[in-house]
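Please look through the sequence and the structure shown here before reading on. The briefing after them takes up strands, salt bridges and a surface patch in turn.

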Amino acid sequence: MAIFEVKVPELSESVAEATLLQWKKKAGEAVAADEILIEIETDKVVLEVPAPSAGVLAEIVQADGATVVSGQVIAKIDSAAQAAAAPAPAAVAPAPAAAPVAAAAPTSNSKAGIAMPAAAKILAEKNINAADVAGSGKDGRVTKGDALAATPTAAKPAAPVVQAIAGERPEQRVPMTRLRARVAERLLQSQATNAILTTFNEVNMAPVMALRKKYQEKFEKQHGVKLGFMSFFVKAAVHALKQYPVVNASVDGNDIIYHGYFDIGIAVGSPRGLVVPILRDADQLSFADIEKKIAEFGAKAKEGKLSIEEMSGGTFSISNGGVFGSMMSTPIINPPQSAILGVHATKDRAVVENGQVVVRPMNYLAMSYDHRIIDGREAVLALVAMKDALEDPARLLFDL
């Protein structure tokens, strides 16, 4: 008997523990090497745990919903059992019980019957087994779209219950996911430990829109990605942080840590909630580099594929509520950072220029900051620096 242990992947220093979501195999079932056995949810990401060897899942040590830590054994695979359960066709009179196991052993890397994290959550709410849904994703995986389109079979008992209470003010109690609980904890921590103030300004987006319109087609053809607005906001933020380093700093006890680098967190919505992947060394990235990384973050967030490393750290964050139509908000600082920029919807508004009322595409910017280390002067001037850079975007190209 050759036993392989299935262990919890190494978690980052900032992640103490994780939660097992749902086993995709039962004890006694055959598994293929690298087949995903279970997903583990941390307060930042969902990690997939593959089988370290082909064989039979001999034992599930930790059940669904268990709290686990790095390196903990959660299951065991008997690699010899798989070989014994799959005799050659010419073998004499195989045992009746062996045939089903051999038939169940995957012969390829097919992921049929395996749901992506976002899809798994939807299927669980609908009380639908992933194995009953035809997956359209890579290697037959069930995508979020597949899950949304799936309907429960008549055999499921959940449907009649929902119908019975539909007209009686129904309620549903659902435990917070680890991510949601962690977000709630950090938001409360931020409000309890930071002296948060918010400063506002408005920016005329016409120059950025004109520049973007002029080069959009060439940019996409050259770099294979669309030129969005976020790269301008990132560049403007870095431009201001260089002038006012305290806005890029953080508090550690009675010390202020000034960071000589610019790691910008980009708030991204995902099926699991708000996540903030980090643009490392944003000051060294081109517009194309920024747009590519943001597009990559968005795709990974939808599929639950963001790594712990991609969401750790950060010296300043940007939250774009404008994509949802927000006109104004007061963003909450993401500890241990000391400031965050809130970007909102750009709308045509009447403004006064040279004594005349004109219509301009305006965006309201809001920057929340920790008043313990950032004075109002630095906060206001930093936001003005961002405004000036956006209203004259050529300055961003020449670092002026």
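In what order do the four strands of the open sheet lie? In this predicted model, the order is β1-β8-β6-β3, and the pairing between these strands is antiparallel. The points below begin with this sheet, go on to the salt bridges, and end with a surface patch and an enclosed strand.

**The open sheet**

- The edges of the sheet are formed by β1, which covers residues 3–7, and by β3, which covers residues 30–31, and each of these two strands pairs on one side only.
- Strand β1 runs antiparallel to β8, which spans residues 73–78, and the two are joined by five bridges.
- Within this pairing, I3 has D78 in β8 as its bridge partner.
- As general background, the strands of a sheet pair through backbone hydrogen bonds, and they can do so in either a parallel or an antiparallel way.

**A salt bridge between distant parts of the chain**

- The structure contains twelve salt bridges, and one of them brings together the side chains of E48 and K305, with a distance of 2.8 Å from N to O.
- This pair links distant parts of the chain, since E48 belongs to strand β5 (residues 46–50) while K305 sits in the loop between α9 (287–303) and β16 (316–320), and the two residues are 257 residues apart.
- K305 counts as partly exposed, because its relative accessibility is 30%, and the partly exposed class lies between the buried limit of under 20% and the exposed limit of over 50%.

**A network of salt bridges**

- K293, E296, K300 and E310 are linked in a network of salt bridges.
- In one contact of the network, K293 forms a salt bridge with E296, and their closest N and O atoms are 3.7 Å apart.
- Both K293 and E296 lie in helix α9, where they are three residues apart, which is about one turn of the helix.
- K293 is partly exposed, with a relative accessible area of 29%, and E296 is partly exposed as well, with a relative accessible area of 30%.
- K300 forms a salt bridge with E310, and here the closest N and O atoms are 2.7 Å apart.
- Because K300 lies in helix α9 and E310 lies in the loop between α9 and β16, this pair ties together parts that are ten residues apart in sequence.
- Is each partner of this pair buried or partly exposed? K300 counts as partly exposed at 25% relative accessibility, whereas E310 is buried, with a relative accessible area of 14%.

**A nonpolar patch on the surface**

- F200, M327 and M328 form a nonpolar patch on the surface, and together they have about 280 Å² of accessible area.
- One of these residues, M328, lies in the loop between β16 and β17 (339–343), and M328 counts as partly exposed at 35% relative accessibility.

**The enclosed strand β17**

- Why is β17 described as largely enclosed by the rest of the structure? Five of the five residues of β17 are buried, so the strand is largely enclosed.
- Both faces of β17 are covered, with A339, L341 and V343 buried on one side and I340 and G342 buried on the other.
- In general, the side chains of a regular strand alternate between the two faces of the sheet.
- β17 pairs with β16 in the parallel sense over four bridges, and in this pairing S317 stands opposite I340 of β17.
- β17 is also joined by four bridges to strand β19 (residues 356–370), and these two strands run antiparallel, with M367 in β19 serving as the bridge partner of L341.

How values were computed
Residues are numbered from 1 along each chain as its sequence is written. This is a predicted model: local features need pLDDT of at least 70, side-chain atom pairs count only at pLDDT 80 or more; totals for chains, interfaces and linings use all residues. Side-chain values use heavy atoms; hydrogens and water are left out. Two strands pair if DSSP finds at least two bridges between them. A salt bridge is a side-chain nitrogen of Lys or Arg within 4 Å of a carboxyl oxygen of Asp or Glu. Buried means under 20% relative accessible area, exposed over 50%, partly exposed in between (1.4 Å probe, protein chains only). Patches are made of residues with over 30% relative accessible area and no salt bridge: like charges are joined within 9 Å, nonpolar side chains (Val, Leu, Ile, Met, Phe, Trp, Tyr) within 5 Å. Accessible areas come from the Shrake-Rupley method with a 1.4 Å probe; for residues, only the protein chains shown count as cover.
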